[in-house]
Amino acid sequence: MKHFRHIGLALAATFVVSQAGAQELTGTLKNIKDTGAITLGFRDSSIPFSYLDDNQKPVGFAMDICYKIVDAVKKELKLDKLEVKLNPVTSATRIPLMANGTIDLECGSTTNNAERQKQVAFTNTHFLTASRYVFKKSSGLKSIEDLKGKTVVSTAGTTNIKQLTEANVAKGLGANIIPAKDHAEAFLMVETDRAIAFVMDDILLASLVAGSKSPGDYEVSKDAFSKPEPYGIMLRKDDAPFKKVVDAATAALYTSGEAEKIYNKWFTQKIPPKGLNLNTPISAELKNEFAKPTDSPNPDDYK
């Protein structure tokens, strides 16, 4: 009888332990385990980070990083298969869709800063950029001061339009600032002379110029509205278990040297759908970041 009692107690203890194990999963990891699916937010025109190819499939540098994270999540949860759902986002919708649970990772060109970290979280930095403007060479712009009294466009919901608005006040430019719904619309306004300049992250401007009908007609300013700023894959705030998995996955990718190979694929070689080559070798600052990954929003940490 005592023997059976010990077996019963052992089984009960095993049940309690397994229950505790099941209860350990919370937040995003629990939702992914329960549904067997993870949802990635993607951009349709943030070349080469996240954009649609000629088959309307989201591709890019940030998408490749996100798929590496998906592999790590699948392994962490010991899943045989994990469905990847794709959900389009814009500059204006990406944070609300993350906060309300529609997407689990945002794979794009989103600047990690202290203000955004009040609403969402970021994993380790995968790119560094500065806010500049693109213009037609024929307009003769030389500096930010030359935007005085002109119509300037930037994409709604971005740090860039905020920086432009602040500079407009600080420098007394009196510029007419127009918010565009996305990068493609903003660049089109410069192409069609409805705006003299488009303020955005320099790498995105370079990609738009490379993909335009007449790349030689455009120039990206030397003047910048910001110090180099970090891009990060965005995830929900206050979800430490999920962030731990994501941070470990990106740190492993960056320190292994594989991230630099993925970088070269998108920034120094021809990319779909038009065979553009951005000819943008990896910077010393980004190499340093890959060697010592950080999710810091402070530009001074990326020297």
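Me: What makes the way α3 passes α9 a right-handed crossing?
Reply: In this predicted model, α3 passes α9 in a right-handed crossing. The term applies because the near helix is turned clockwise from the far one. The contact draws on F61, D64 and K68 of α3, and on E258, A259, I262, Y263, K265, W266 and F267 of α9.

Me: Why are α3 and α9 described as roughly antiparallel?
Reply: Helix α3 spans residues 61-76 and helix α9 residues 258-267, and they pack at an angle of about 150 degrees with their axes 9 Å apart. Angles over 145 degrees count as roughly antiparallel. The value passes that limit, and α3 and α9 are therefore roughly antiparallel to each other.

Me: How many residues of the contact of α3 with α9 are nonpolar, polar or charged?
Reply: Six are nonpolar, none is polar and four are charged. Asp, Glu, Lys and Arg count as charged, and the contact includes D64 and K68 of α3 with E258 and K265 of α9.

Me: What makes α2 and α8 parallel, perpendicular or antiparallel?
Reply: Helix α2 (residues 27-35) and helix α8 (residues 240-255) pack at about 80 degrees, their axes 5 Å apart. The range for roughly perpendicular runs from 65 to 115 degrees. The angle lies in that range, which makes α2 roughly perpendicular to α8.

Me: Which residues make the contact of α2 with α8, and of what class are they?
Reply: T28, L29 and I32 in α2 meet P241, F242 and V245 in α8. By class, five are nonpolar, one is polar and none is charged. T28 is the polar one, because Thr is in neither the nonpolar nor the charged list.

Me: What makes β1 a mostly covered strand?
Reply: Strand β1 (residues 37-42) has six of its six residues buried. Buried requires under 20% relative accessible area. Both faces meet this condition: A37, T39 and G41 are buried on one side, and I38, L40 and F42 on the other.

Me: How do you know which strands pair with β1?
Reply: A pair needs at least two bridges. Six bridges join β1 to strand β5 (residues 83-88), and these two run parallel. Strand β6 (residues 105-107) pairs with β1 over three bridges, also in the parallel sense. Both counts meet the minimum, so both are partners of β1. A37 stands opposite E83 in β5, and G41 opposite E106 in β6.

Me: What makes β2 and β4 edge strands?
Reply: The open sheet has three strands in the order β2-β3-β4, with antiparallel pairing. β2 (45-46) and β4 (58-59) each have a single partner strand, so one side of each lacks a neighbour in the sheet.

Me: How do you know that β2 and β3 count as a pair?
Reply: Strand β3 covers residues 50-52, and β2 pairs with β3 in the antiparallel sense over two bridges. The requirement is at least two, so the count meets the limit exactly. S46 has S50 in β3 as its bridge partner.

Me: Why is the pairing in the sheet β10-β9-β11-β8-β12 called mixed?
Reply: The pairing of this open, five-stranded sheet is mixed. Strands of a sheet can pair either parallel or antiparallel. Strand β9 (residues 151-155) and β11 pair in the parallel sense over three bridges, and β9 and β10 do so over five. Strand β8 (residues 131-136) and β11, in contrast, pair in the antiparallel sense over five bridges. With both senses present, the sheet is mixed.

Me: Where are the bridge partners in that sheet?
Reply: F135 stands opposite A197 in β11. V153 has F198 in β11 as its bridge partner, and T155 has A180 in β10.

Me: What makes β11 mostly covered, and which helix lies across this strand?
Reply: Strand β11 (residues 197-201) has five of its five residues buried. Helix α7 (residues 202-210) lies across β8, β11 and β12, running at about 125 degrees to β11.

Me: How much of the chain counts as buried?
Reply: Of the 303 residues, 47% count as buried, that is, under 20% relative accessible area.

Technical notes. Residues numbered from 1 in each chain as written. Predicted model: local features only at pLDDT ≥ 70, side-chain atom pairs only at ≥ 80, totals over all residues. Heavy atoms only, no water. Axes fitted to C-alpha atoms, helices over the stretch in contact; angles between N-to-C directions. Helix = DSSP H or I, 4+ residues; strand = E, 2+ residues; numbered from the N terminus. Parallel < 35°, antiparallel > 145°, perpendicular 65-115°, else oblique. Contact = heavy atoms within 4.5 Å. Buried < 20%, exposed > 50% of the residue type's maximum accessible area, 1.4 Å probe, protein only.
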